[in-house]
Amino acid sequence: MKNILIINGWHAFAAAKGEFNKSLFTISKCFFEDKNNYKIKVTEINEVYEVEKEVSKFVWADVIIYHTPIWWFSVPFKFKKYLDEVLTAGYRNGLWNSDGRNAEKPKINYGTGGLLNGKSYIVTTSWNAPEEAFSLQNGLFNELSVDNSALSGFHAMNKYLGLSLIASIPFYDVEKNANIIEELKKYELFIDMCFKSFN
């Protein structure tokens, strides 16, 4: 039996409606609800949450699935607030005990004090940027991928906790040019592929 925590990192702000991330979130929930060998818990940042309960969800989960849009090259501000609150509350409370260093050798082992070793995560990101923005020479992202540019800090955060990455999937140009039906089908295939080894 695998425990799955699904987090929708979208929240209301300005003209953002969050429909695409909500659809990804719903697909994830339905995928696991249809199977007997998974238990799921969910969090939607746009709704009220209790920090200590969220810490317990991280501790409980075998796999965390993050769904987030990218706003100004990072996660939305309420999602960042959620992560700051929950991960801080997780100090010596199931998520991490230290930064991993000790007084004898303070220059090594930074980032090895996480307590979620053996657990893993998936992240989906939705972008206004087209895919080409990450590959064009002299482009904004210096030919670096999503994971090696805007998402690098997010991956470091999870590694700090001890989590390992299963997969990351970006959805490009969602605001202007995406074929949403095809993108959602792509996600259905993606999540099925990610969990084939667990079935």
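# Worked exercises on burial, packing and cores

T124 has its place in strand β4. The model is a predicted one, in which local features need pLDDT of at least 70 and side-chain atom pairs count only at pLDDT 80 or more, while totals for chains, interfaces and linings use all residues. Residues are numbered from 1 along each chain as its sequence is written, and side-chain values use heavy atoms, with hydrogens and water left out.

## Exercise 1. Two strand residues

Task: Determine whether T124 is buried or exposed, and list the residues that I4 touches beyond its sequence neighbours.

Solution.

Step 1. Strands (E, at least two residues) and helices (H or I, at least four) are DSSP runs, numbered from the N terminus. I4 is located in strand β1.

Step 2. Three classes of accessibility apply: buried (under 20% relative accessible area), exposed (over 50%) and partly exposed (in between), with a 1.4 Å probe and protein chains only. T124 has a relative accessible area of 0% and is therefore buried. I4 is buried as well, because its relative accessible area is 0%.

Step 3. Contact means heavy atoms within 4.5 Å. With neighbours within four places in sequence left aside, T124 is in contact with L24, Y66, H67, T68, I169, F171 and Y187.

Step 4. Not counting residues up to four places away in sequence, I4 touches F32, Y38, K39, I40, K41, W60, V63, I65 and F195.

## Exercise 2. E54 and the packing of α2 with α3

Task: Describe the surroundings of E54, then characterise how α2 and α3 pack.

Solution.

Step 1. E54 belongs to helix α2 (residues 51-60). Its relative accessibility is 3%, so E54 counts as buried.

Step 2. The E54 side chain makes a polar contact with that of K57 at 3.0 Å. Such a contact is a pair of N or O atoms within 3.5 Å; within protein, one must be able to donate a hydrogen and the other to accept it, and residues adjacent in sequence count only if both atoms are side-chain atoms.

Step 3. Apart from neighbours within four places in sequence, E54 is in contact with T43, Y49, Y82 and V86.

Step 4. Two packed helices are described by the angle between their axes and the distance between the axes. For α2 and helix α3 (residues 77-89), the angle is about 75° and the axes are 9 Å apart. Axes are lines fitted to C-alpha atoms, for helices over the stretch in contact, and angles run from 0 to 180 degrees between N-to-C directions.

Step 5. Angles under 35 degrees count as roughly parallel, over 145 as roughly antiparallel, 65 to 115 as roughly perpendicular and the rest as oblique. α2 and α3 are therefore roughly perpendicular to each other.

Step 6. On the α2 side, V51, E52, E54, V55 and F58 meet Y82, E85, V86, L87 and A89 of α3. By class, this contact has 7 nonpolar, no polar and 3 charged residues. Here Ala, Val, Leu, Ile, Met, Phe, Trp, Tyr, Cys and Pro count as nonpolar, Asp, Glu, Lys and Arg as charged, and the others, Gly among them, as polar.

## Exercise 3. The nonpolar cores

Task: Identify which residues have the most contacts inside the largest nonpolar core.

Solution.

Step 1. A nonpolar core is a set of buried Ala, Val, Leu, Ile, Met, Phe, Trp, Tyr and Cys residues joined through side-chain atoms within 4.5 Å.

Step 2. The largest has 33 residues, and F58, Y66 and F154 have the most contacts inside it. At least two residues of this core come from each of β1 (2-8), α2, β3 (63-69), α3, β4 (120-126) and α4 (152-161). The largest share, 5 residues, is supplied by α3.

Step 3. With neighbours within four places in sequence set aside, F154 is in contact with Y66, V75, F79, L83, Y121 and V123. A second, separate core of 22 residues includes I6, I27, V174 and Y187.

## Exercise 4. Loop residues

Task: Classify the loop residues W72, N138 and R92 as buried or exposed.

Solution.

Step 1. W72 lies in the loop between β3 and α3. Its relative accessibility is 79%, so W72 counts as exposed. W72 has a positive phi of about 50° although it is not a glycine.

Step 2. N138 is in the loop between β4 and α4 and is exposed, because its relative accessible area is 75%. The phi of N138 is near 65°, a positive value in a residue other than glycine.

Step 3. R92 sits in the loop between α3 and β4. At 62% relative accessibility, R92 counts as exposed. The R92 side chain makes a polar contact with the side chain of Y91 (3.2 Å).
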